[in-house]
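Colleague: I am new to reading protein structures, and I would love a close look at a single part of this one. Could you pick a strand, show me what lies around it, and then step back to the rest of the chain?

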Amino acid sequence: MQKDRKKIKAAALALFLLLSLLLCSGCKQTAKEVETGSADAAETDSGRTKLVVSYPTSAASYPEDQEMVENAVKEIVRQKLDIDVEFIVDLSDYEETINTLMAGQQQLDVIYCADNMMTEMYMNHQLCPLDDLLETYGQGILDAVGTDMINACRINGKLYGLPNNRDYAVGWDGYILRKDILDKYGIKKEDITSIEKLEEVFSLVKRHEPDMEILDCDGSSLLGNQYFVDNVNNLPFGVHMDYGRDEKVSNVFKTEEYKEALERIYRWRQLGYIKRDWQGMTSSTDYRMNTGKLFAYACRGKPGIEQQEKLSCGTEVVFVQFGKNAVIGNPMAAMPWAITKNTISAEKSMQLLNLLYTDADIMNLLSYGIEGVHYIKTEDGHITFPEGKDRNPFVGEAWRMPNQFITYVWEGCPLTLWDDMRRYNEESLHGCDFGFNFDPSSVSTEYLELERIYKKYQPILENGLVDPKEGLEQMNRELDANFIDEVIEEKQRQYDAFKASKR
């Protein structure tokens, strides 16, 4: 049996490597050309190089506003780098969009890697190594982000992504609640001191507002505000529990903490607090909060979170938190900016990235839109809505951008917000695997199958659609049968080597 299993694994791995080689052979550049940027660059009618940049944004739902911003950014890039830029923006199917472009060998130069895209693209040999490019063309990035943060994006010693300046620390186990509903029933934020108190609030609102949906989330899981299912752990196939402080890599799906969280979500659905069927809901939590259809949603905390969500929802909100402030896993590498193997010029792509990280005008355009149209400046140095407007399609998107720390501060937040954010990152609890990136290449076949299994069960389990007594047991059986223990053992081995190298 053991020999047969090894043969199956060897054959599957050989097939994976063959497919990877075929994919790489179809790239526009060889590995050497990618490193040097020596391939011929595509030119527009003007004779300028054209680069394609892709990132997800909810502003894509406002095409006229998005086009105004893109045109303004393009003009700055043309003036400063003599480069033309084309943008591909998406939100709902961003990862699928990138996969399609890469598989079709279409030009794609600079991208934002959402969730675990950097790990998966690295496994598929779809990313450019950035060390030499950064040293030559990225001094502004080094100054803006810092060497320590950049080194956190290394896999096996090589750099494949660039972290953005944002909140790496998270206020875990948090929820956003409508303030008008709390005020209506005389509930103060300070009274909601535990998850049990929150449940009492849910029960009261459910009784008195029977047509209102009580709780939801954006994304595929109502447990997205819990540290132990956070994607920065390269999917939860081996997690450092206790907010990252446990040196042992554990199978989170067999912990009491995960089981209890599933049971709580399932109970909430049985009580009628959760209505969404996951696949059937199309409107965002922001929209439903704004229209009075939703009372609360799961959320991660950070400095300025209430003002950020107020601007997104269009209504006053409060944030309550029951977990710790902590940097879990390696969030610097969770959603970096990168250059793909489909680039027509790695050198010019790094020059463009350097401009994005250092040009405040571009960052403000991508984060807030056009001055005078989407926002205006106040006398005290803030920005706010123009007269007669109360929504901005770009607000709440800045955390994805390369460097929100050089942008304006929206009215309602202290002008020291970005300094406060840096301090929040530094002072929050840091997990033991800070800066560690798991390389699943040696267990790629198992890893990809485990990912498929988890993604199949995650939306139904973590949204309370199935009794965890049955659903969790079934998922664990499938994960066990597909060698989750081997993947966790490999992650533990790599983590131990990482820690030894730091001593």
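Modeller: Happily! Let us begin with a word we will need: a contact here means heavy atoms within 4.5 Å. Angles are taken between N-to-C directions and run from 0 to 180 degrees. Please also keep in mind that this is a predicted model.

Our strand is β1, which spans residues 49-56. Is it mostly covered or mostly open? Mostly covered: 7 of its 8 residues are buried, where buried means under 20% relative accessible area. Now look at its partner, strand β2, made of residues 83-90. The two strands pair in the parallel sense, and 8 bridges link them. You can follow the pairing on your screen by finding residues that face each other across the two strands. T49 stands opposite I83 of β2, and further along, V53 has F87 of β2 opposite it. While you are there, a general point may help you: side chains in a regular strand alternate between the two faces of the sheet.

Which strands make up the sheet? There are 4, in the order β2-β1-β3-β11, and they form an open sheet with mixed pairing. At its edges are β2 and β11 (337-339), each of which pairs on one side only. On average, neighbouring strands in this sheet are turned by 20 degrees against each other, ignoring direction.

Next, add helix α3, residues 63-81, to your view. This helix lies across both β1 and β2, and runs at about 150 degrees to β2.

Now for the helices elsewhere in the chain. Helix α18 (residues 444-461) packs with helix α19 (residues 468-481) at about 175 degrees, and their axes are 10 Å apart. Angles over 145 degrees count as roughly antiparallel, so α18 is roughly antiparallel to α19. On the α18 side, the residues that meet α19 are L450, I453, Y454, K456, Y457 and L461. Their partners in α19 are P468, G471, L472, Q474, M475, E478 and L479. Sorted by class, this contact has 9 nonpolar, 2 polar and 2 charged residues.

A second pair to look at is α10 (residues 195-208) with α12 (residues 256-270), where the angle is about 15 degrees and the axes are 12 Å apart. Angles under 35 degrees count as roughly parallel, which means that α10 is roughly parallel to α12. I195, E199 and F202 of α10 make the contact with R264, R267 and W268 of α12. Those residues divide into 3 nonpolar, no polar and 3 charged. The crossing of these two helices is right-handed.

One residue makes a nice exercise: K184, which you will find in helix α9 (residues 179-184). With a relative accessible area of 54%, K184 is exposed, because exposed means over 50%. K184 and V205 are 21 residues apart in sequence, yet their C-alpha atoms are 10.0 Å apart in space.

Finally, the whole protein. Its secondary structure comes to 20 helices and 14 strands, and buried residues make up 55% of its 503 residues. Among contacts with a separation of 6 or more, 79% join residues 24 or more positions apart.

Conventions. Residues are numbered from 1 along each chain as its sequence is written. This is a predicted model: local features need pLDDT of at least 70, side-chain atom pairs count only at pLDDT 80 or more; totals for chains, interfaces and linings use all residues. Side-chain values use heavy atoms; hydrogens and water are left out. Angles under 35 degrees count as roughly parallel, over 145 as roughly antiparallel, 65 to 115 as roughly perpendicular and the rest as oblique. A crossing is left-handed if the near helix is turned anticlockwise from the far one by less than a right angle, and right-handed if clockwise. Ala, Val, Leu, Ile, Met, Phe, Trp, Tyr, Cys and Pro count as nonpolar, Asp, Glu, Lys and Arg as charged, and the others, Gly among them, as polar. Buried means under 20% relative accessible area, exposed over 50%, partly exposed in between (1.4 Å probe, protein chains only). Two strands pair if DSSP finds at least two bridges between them.
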